[in-house]
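Q: I should like to learn how pockets are read from a set of coordinates. Could the structure be shown before we begin?

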Amino acid sequence: MNGTPAQIEIIAPFGAAFDWMKAMLFRPFDLVRWLTIAFAAFISGSWGSGANFRWNRWSRGDWSYRMHRYGDFSDGTIPVWLIASIVVGVLLAIVLAFVWAWVTARGRFIFTDCIVKNRAAIAEPWREYRREGNSYFLYSIVVGFGIVVLAAIFIMVIVVPLGLFSHKHDAAINFGLAVIPLISFGFVFLLLIAVVALISHLMVPVMYRRRCLAREAFVDVTQLVFHDPAPFVAFVLFMIALAIGVAVVGTVVACATCCIGAFPYISTVLLLPAIVWLAAFRLLFLRQFGDQYDAWAAAGLPAPATPSSAPPPVAPAG
């Protein structure tokens with residue numbers, strides 16, 4: 001060995017990301033630029049605090065009241081118009097979900113490009129990273145379908161045989177027997193989702209850096225994470241804490257703006273500094289693992305300087 005491996009840090013890239021965010025958004029401040037970057041963040045799936053349409057009103061008595069306004073279901077029959085409306089609504093929701101997933105997949109590369117190149121651009125990166133975005137979209141569909149299949153298998157293998165959906169008196173006993181399997185599967189399922197989410201988020205910078213397809217990036221990032229999981233565990237825990245903080249700030253902003261700040265895109269505009277900060281932090285954290293993970297190297301630009309950016313010390317020959 002000619003040297004020691006560089007130490008993977010959390011705080012150093014976090015501080016550098018803050019400086020990068022200030023340079024992007026406040027030096028100088030430009031409202032049009034701000035709104036454009038916010039739109040890039042929005043179509044990448046960064047919604048800030050998200051929207052709150054008070055669905056709980058529909059989950060209580062209001063639902064029954066509204067339904068009975070348009071029909072009498074006392075005889076147990078369901079009108080044909082209601083069945084048709086449900087089918088059309090479900091199909092429309094599925095189509096919109098696929099379209100949004102496709103736009104989000106492309107948007108992730110647009111937002112990454114805005115962060116790396118410190119610019120507000122939509123059309124150019126949309127065209128430039130078409131191949132990578134479409135590949136990531138197909139990957140997202142496969143992963144989502146796999147998670148649904150896994151959940152369905154769990155229901156068919158554990159939940160259904162125990163009769164947890166039945167109304168028999170022994171359902172409570174069956175539930176008691178299934179508590180340990182349910183908790184165990186829930187823990188494993190959440191852990192799996194966390195790992196997949198981590199790998200998926202880190203795949204985008206790798207695909208952006210190497211202009212590769214999702215399959216290659218998935219294999220590479222998976223090997224990187226499992227080779228030395230400790231820094232990634234610290235990264236995930238740190239990001240969870242930051243996400244909670246952003247959620248709290250988003251809730252305060254939504255309340256202060258009479259829920260106007262809770263709507264999609266508007267929440268992104270209001271919380272853009274935090275969103276850019278976290279996005280830059282992810283890129284700066286990943287680049288510590290080598291030049292092949294440095295998104296700034298793809299554009300031939302210098303990345304924000306961090307203490308860990310210095311090359312590892314060289315051991316004396318002998």
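**Reading the pockets**

A: Let us begin with the second largest pocket of this predicted model. Its lining consists of 17 residues, and Arg108, Tyr136, Ser140, Val143 and Ser200 are those nearest its centre. The elements that each give two or more residues to this lining are α4, α6 (130-159) and α7.

Q: How is such empty space found in general, and what volume does the second largest pocket have?

A: Rolling a probe the size of a water molecule over the atoms reveals where space is left empty. Here, the second largest pocket has a volume of about 370 Å³.

Q: Which element gives the largest share of the lining of the second largest pocket, and how does that lining divide by class?

A: The largest share, six residues, comes from α6. By class, the lining of the second largest pocket has ten nonpolar, six polar and one charged residues.

Q: What is the volume of the largest pocket, and which residues lie nearest its centre?

A: The volume of the largest pocket is about 850 Å³. Its lining is made up of 27 residues, with His201, Met239, Ala243, Leu278 and Arg282 nearest the centre. Two or more lining residues come from each of α4 (80-117), α7 (171-210), α9 (230-256) and α11 (272-286).

Q: Which element gives the largest share of the lining of the largest pocket, and how do the lining residues divide into nonpolar, polar and charged?

A: For the largest pocket, α9 supplies the largest share, seven residues. The lining there comprises 18 nonpolar, seven polar and two charged residues.

Conventions: Residues are numbered from 1 along each chain as its sequence is written. This is a predicted model: local features need pLDDT of at least 70, side-chain atom pairs count only at pLDDT 80 or more; totals for chains, interfaces and linings use all residues. Side-chain values use heavy atoms; hydrogens and water are left out. On a 1 Å grid over the protein atoms alone, a cavity is a set of points where a 1.4 Å probe fits but cannot get out, and a pocket is an open set with protein on both sides within 12 Å along at least five of seven lines; lining residues have an atom within 4 Å of a point. Grid points are joined across faces, edges and corners, and a volume is the space filled by probe spheres set on the points. Helices (H or I, at least four residues) and strands (E, at least two) are DSSP runs, numbered from the N terminus. Ala, Val, Leu, Ile, Met, Phe, Trp, Tyr, Cys and Pro count as nonpolar, Asp, Glu, Lys and Arg as charged, and the others, Gly among them, as polar.
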